[in-house]
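Let's go through this protein together, one small question at a time. Have a look at the picture before you read on.

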Amino acid sequence: MDIPPLSSAPPPSRQDQLMAKAEELEATFLSEMLAHSGLGGVQGPFGGGPGEAQFASFLRQEQARLIVQQGGIGLAELIFNAMVESGNDST
């Protein structure tokens, strides 16, 4: 039984898929850099607690994703170009 897709939008091209992965990698890198920089550490009566460390990674990941969405640091473009070149060598 063939189930039709829910949307009529064409599937993303290979280039779009590669760029999405490259941006995801840049966001992950930036999230780690933000974690090591100490960004987001709250001091005082409203800081700390057992849940802060667990949920701080979600905040950093979202901040990193927004940085990439606004242009990032150029890492996604480098990763994308490397993946395109790597894919062309194998054919």
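Contact here means heavy atoms within 4.5 Å. Keep in mind that this is a predicted model, where local features need pLDDT of at least 70, side-chain atom pairs count only at pLDDT 80 or more, and totals for chains, interfaces and linings use all residues. Residues are numbered from 1 along each chain as its sequence is written, and side-chain values use heavy atoms, with hydrogens and water left out.

Q: Among contacts between residues at least 6 apart in sequence, what percentage join residues at least 24 apart?
A: Start with the layout: reading along the sequence gives α-α-α. That is three helices and zero strands (DSSP runs numbered from the N terminus: H or I of at least four residues for helices, E of at least two for strands). For contacts between residues at least 6 apart, the share joining residues at least 24 apart is 93%.

Q: Which residue has a backbone nitrogen 2.7 Å from a polar atom of the E26 side chain?
A: E26 sits in helix α1, which covers residues 14–37. Leaving out residues up to four places away in sequence, E26 touches V68, G72, I73, G74, L75 and A76. The backbone nitrogen at 2.7 Å from the E26 side chain belongs to I73.

Q: Is I73 buried or exposed?
A: I73 lies in the loop between α2 (50–69) and α3 (75–89). Buried means under 20% relative accessible area, exposed over 50%, and partly exposed in between, with a 1.4 Å probe and protein chains only. Because its relative accessibility is 55%, I73 counts as exposed.

Q: How does E24 count in terms of accessibility, and at what percentage?
A: E24 is in helix α1. Its C-alpha atom is separated by 8.5 Å from that of V68, 44 residues apart along the chain. E24 counts as partly exposed because its relative accessibility is 45%.

Q: Which side chain of opposite charge is nearest to R60?
A: R60 lies in helix α2 and touches S31, L34 and A35, not counting residues up to four places away in sequence. For charge, Lys and Arg count as positive and Asp and Glu as negative, while His and the chain ends are not counted. R60 is buried yet has no salt bridge (a side-chain nitrogen of Lys or Arg within 4 Å of a carboxyl oxygen of Asp or Glu). The nearest side chain of opposite charge, 6.4 Å away, is E32.

Q: What percentage of the residues count as buried?
A: E26 is one buried residue, and R60 is another. Out of 91 residues, the buried share is 13%.

Technical notes:
A polar contact is a pair of N or O atoms within 3.5 Å; within protein, one must be able to donate a hydrogen and the other to accept it, and residues adjacent in sequence count only if both atoms are side-chain atoms.
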